[in-house]
Amino acid sequence: MSRRPVDTGDPDRLYTITGGRSEAPDDLDLVSLIVSECEPARGMQSEHVRILKLCRRPAAVVEIAAELGLPVAVVRILVGDLLAMEKVTARHPRAAPAVAELPESSLLLEVLDGLRNL
Amino acid sequence: MDSVTFEPSARTPLSAVAETGLKIVVVGGFGVGKTTLVRSVSEIRPLNTEEVMTEAGVGIDRTAGLPDKSTTTVAFDFGRISLSERTVLYLFGAPGQERFWFLWDRLFSGTLGAVVLVDTRRMSDCWYAIDRLEHHNTPFLVAVNRFEGDTNAFPLSEIRQALALPDHVPLIDCDARVRASGKNVLITLADHLYELAMARETP
């Protein structure tokens, strides 16, 4: 499953998938967890259908990209579509988006405990 | 067709109540063992994906799928560790070479911290990474992957000197192939981050 070829070699296809659009929500992080709020409907774009199926349980943007074999930038646009249509919701990372802003010690303690219990 | 290649059963889903995704980045030169380290601690087989960008590294999202722009792609691996039902940690392996700097802003944004993985035979490979992490103010530790062929076995004190690493940056040995060792790297980093946060929060 890993090392599946990523579909970057064919810009025309990516252009088609995104309808030539290039804007994605700024707050959509690699590790934002995406959750489907509905089942796929007839007539939806196939990539949207695949995302809705995958996100019946939460999945990070980067996992969606790997599973679909599409570049992250393209997946962010597709997820942005679904967010705008309210077909999915996003659970954004609690850690501050700004670089150099350390998260709270309580979160780090949670991380530490989680790692120790592995 | 999609449903055949794409049944969710083929992967290990997260807990339904997972709500917080966290990031730690593993950087280092080519072949230093980044993917090996990610694999040894990840609960899933490491996945691979790519980011597409302009050569200039600006307007990342605007270039996606635009055939008339000069784009470049960079691949990176990642793994996953569910820390609890609600919290999941993603580990990203990122190439440390200078030409990949544009990937870093995206990866490092909001990251908890970084692991710089070092091969003592090619120590200079990580200079650039350390420089950028310091520039970004991203907390990090340096882990020396002790390959079997590491016959020189430089002591850590010499490596610290060679890397001009300040005393406050943790420097440890590891064996990226061994789960317990990889786990220890992450715990040491998390401990370091916790200390930093406590120091900042305590007036």
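## Exercises on a predicted two-chain model

In chain B, pLDDT (the predictor's confidence in each residue, from 0 to 100) stays under 50 over residues 1-9, a stretch for which the model has nine contacts beyond four places in sequence; two residues are in contact if their C-beta atoms, placed from the backbone, lie within 7 Å. Over residues 56-68 of chain B the pLDDT is also below 50, and this stretch has 38 contacts in the model beyond near neighbours in sequence.

The model is predicted: local features need pLDDT of at least 70, side-chain atom pairs count only at pLDDT 80 or more, and totals for chains, interfaces and linings use all residues. Residues are numbered from 1 along each chain as its sequence is written, and chains are lettered from A and ligands numbered from 1 in the order in which they are written.

**Exercise 1. State the predictor's confidence in chain B and in the complex.**

Solution. Start with the chain: the mean pLDDT of chain B is 83, and 83% of its residues reach 70 or more. Then take the complex, to which the predictor gives an ipTM of 0.84 and a pTM of 0.85.

**Exercise 2. Describe the make-up of chain B: elements, burial and contacts.**

Solution. Helices (H or I, at least four residues) and strands (E, at least two) are DSSP runs, numbered from the N terminus. Chain B has six helices and seven strands. Their order from the N terminus is α-β-α-β-β-β-α-β-α-β-α-β-α.

For burial, a residue is buried if 20 or more other C-beta atoms lie within 10 Å of its own, exposed if 12 or fewer, and partly exposed in between. Of the 203 residues of chain B, 45% count as buried.

For contacts, take those between residues at least 6 apart in sequence: 73% of them join residues at least 24 apart.

**Exercise 3. Place B:Val27 and list what B:Val27 touches.**

Solution. B:Val27 belongs to strand 1 (residues 20-28) of chain B. B:Val27 is buried, because 29 other C-beta atoms lie within 10 Å. Leaving out residues up to four places away in sequence, B:Val27 touches B:Ala94, B:Gly96, B:Ala114, B:Val116 and B:Ala129. For B:Ala114, 87 residues apart from B:Val27 along the chain, the C-alpha separation is 7.2 Å.

**Exercise 4. Describe helix 3 of chain A and its packing against helix 4 of chain A.**

Solution. Begin with burial. Helix 3 (residues 61-68) of chain A is mostly covered, with eight of its eight residues buried. These are A:Val61, A:Val62, A:Glu63, A:Ile64, A:Ala65, A:Ala66, A:Glu67 and A:Leu68. After helix 3 of chain A comes A:Gly69, with a positive phi near 65 degrees.

Next, the geometry. Two packed helices are described by the angle between their axes and the distance between the axes. Axes are lines fitted to C-alpha atoms, for helices over the stretch in contact, and angles run from 0 to 180 degrees between N-to-C directions. Helix 3 of chain A packs with helix 4 (residues 72-84) of chain A at an angle of about 110 degrees, their axes 9 Å apart. Helix 3 of chain A is therefore roughly perpendicular to helix 4 of chain A (angles under 35 degrees count as roughly parallel, over 145 as roughly antiparallel, 65 to 115 as roughly perpendicular and the rest as oblique).

Last, the residues. From helix 3 of chain A, A:Val61, A:Val62, A:Ile64, A:Ala65 and A:Leu68 make the contact, and from helix 4 of chain A, A:Val72, A:Val75, A:Arg76 and A:Val79. By class, this contact of helix 3 with helix 4 of chain A has eight nonpolar, no polar and one charged residues; Ala, Val, Leu, Ile, Met, Phe, Trp, Tyr, Cys and Pro count as nonpolar, Asp, Glu, Lys and Arg as charged, and the others, Gly among them, as polar.

**Exercise 5. Give the same kind of account for helix 2 and helix 6 of chain B.**

Solution. Helix 2 (residues 34-41) and helix 6 (residues 179-201) of chain B pack at an angle of about 100 degrees, with axes 8 Å apart. Helix 2 of chain B is thus roughly perpendicular to helix 6 of chain B. The contact involves B:Leu37, B:Ser40 and B:Val41 of helix 2 and B:Arg179, B:Gly182, B:Lys183 and B:Leu186 of helix 6. By class these residues divide into three nonpolar, two polar and two charged. Helix 2 of chain B is largely enclosed by the rest of the structure, because eight of its eight residues are buried.

**Exercise 6. Locate B:Asn137 and B:Ala164, and give the phi of each.**

Solution. Most residues other than glycine have a negative phi. B:Asn137 has a positive phi near 60 degrees and lies in the loop between helix 4 (127-136) and strand 6 (140-145) of chain B. B:Asn137 is exposed, with 11 other C-beta atoms within 10 Å. For B:Ala164, phi is positive, near 50 degrees, and the place is the loop between helix 5 (156-162) and strand 7 (171-174) of chain B. B:Ala164 counts as exposed, with 9 C-beta neighbours inside 10 Å.
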